Amino acid sequence: QPRRRLLDVGGEGWEGFAQNRAWAKAEDKAEESRLLYVALTRAQHHLIVWWVENHAAIDQAKLTDLLTRDGQTPVGLAAASGGTIELATMTELAPVDHYRPLRQETTRLELARFDRGTDQAWRRVSFSSLSADQPLTSIEEHTEHGLRTDEGEPLEEEPPVAAPEAALPLADLPAGARFGTLVHDVLETLRFDAADLEAVLLDMLEERMRTSGWDFEPHALVAGLEAMVKTPLGPGPDDPRLVDLEGPRLARELIFELPVRNDSPPITLADIGRVMDRHLADDDLYRPYLEEMIDTPGMPFRGFMSGAIDVVAVLPGERYVVMDYKSNALTKRGRLAGPRDYGPAALAAEMVSHRYVLQATLYQVALHRYLQWRLPGYDPAERLGGAMYLFVRGMLGPDTPLIDGERCGVARWRPPAEMIVELSDLFSGPVG
């Protein structure tokens, strides 16, 4: 008998047809035997088998063969079973009760009424949505596939002037949210200490630029990002760089969602501003933002606060610092910027005008919440290291100049730890 599937198309006139048909019937019988065996041997306590004696094909059924084998009858099989088989003959069908659905009383249809109040203050917010001109939105700083909304747009055009003595690699590259998204997309997965950083960056940019239709020279962006990761993050030449922090001392894309006053009355930006006002020094570069927060508090809110921190790094002294990349162009179109255009005063003005001060504050609160849950013996005064906003266009590498004791392109801010703790308590609401 063949052990392969066979389709006989010769018909009854072909000399091998009778043999093939016999094989097919034998295989059908064997399959029916297997199925009947499974059906009869799986029951553990009780088995009922229906056998319709006057069915047209009953003689060919495997059950008939089993019940009448060697000339026996079903009656004889039951008698010989010692009481384990009982034979019952049905001579007529039981009466059929027709289904009748239950009668239901008809009711008058009425429109549903919304008779409860809504909590207009409860929402999901981010730093981008907490402003007077966006009172009820919940804009994300950036999404996985969307444009970032926290990047500064290019300034108005200015007549071209000669390049500064130390031109920045990114000085004449595009500006705006789309370019900022490209930069963040690369830095999100870039290994800063890669053996051949230039080759890695070019490989990462190739597909992104091809699919997005960019037409600028990628080597300029590569040079700028290489310079950025090798720029000291403080005024000292030995201060750590991003390339030095790569590994366990650096965590990327920390997404958070914090409950805010869920069981307490809502708060406003003015409440946040008043807490900051009690703690920031009079000469703090970011105090000008507090006046805006207090005077234009926006809508009250409670619910959840969400965000995505670009980087959390552990600096010497085991200080945890929030970092955020910014690709803002701080000079007008047509003028090539130099590193001094990204000095501390210019960065402070940008931090205030784009409300990055609020973003940096909320991120530090989120980091404080995380550390107090995860770090044994956590002391905010010792472990909270503040925020660093890295304006990538102004970072020239080890030769990035200092102005007033601060590295150009690096906006450092370490507010008092007591301010961050009090804000965290504000968001939690009264206890008890």
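Student: Which residues is Ile 272 in contact with, leaving aside its neighbours within four places in sequence?

Tutor: This is a predicted model, where local features need pLDDT of at least 70, side-chain atom pairs count only at pLDDT 80 or more, and totals for chains, interfaces and linings use all residues. Residues are numbered from 1 along each chain as its sequence is written, and side-chain values use heavy atoms, leaving out hydrogens and water. Contact means heavy atoms within 4.5 Å. On that basis, the partners of Ile 272 are Met 293, Phe 301, Leu 358, Leu 423, Leu 426 and Phe 427.

Student: Which helix gives the largest share of the largest nonpolar core?

Tutor: A nonpolar core is a set of buried (under 20% relative accessible area, 1.4 Å probe, protein chains only) Ala, Val, Leu, Ile, Met, Phe, Trp, Tyr and Cys residues joined through side-chain atoms within 4.5 Å. The largest has 55 residues, and Ile 272, Met 276, Met 305, Tyr 389 and Phe 427 touch the most other members. Helices are DSSP runs of H or I with at least four residues, numbered from the N terminus. Ten residues of this core, its largest share, come from residues 356-374, helix α11.

Student: Is Gln 359 buried or exposed?

Tutor: Gln 359 lies in helix α11. Its relative accessible area is 0%, so Gln 359 is buried.

Student: Which side chain makes a polar contact of 3.2 Å with that of Gln 359?

Tutor: A polar contact is a pair of N or O atoms within 3.5 Å; within protein, one must be able to donate a hydrogen and the other to accept it, and residues adjacent in sequence count only if both atoms are side-chain atoms. At 3.2 Å, the partner of Gln 359 is Lys 326.

Note on methods: Buried means under 20% relative accessible area, exposed over 50%, partly exposed in between (1.4 Å probe, protein chains only). Helices (H or I, at least four residues) and strands (E, at least two) are DSSP runs, numbered from the N terminus.
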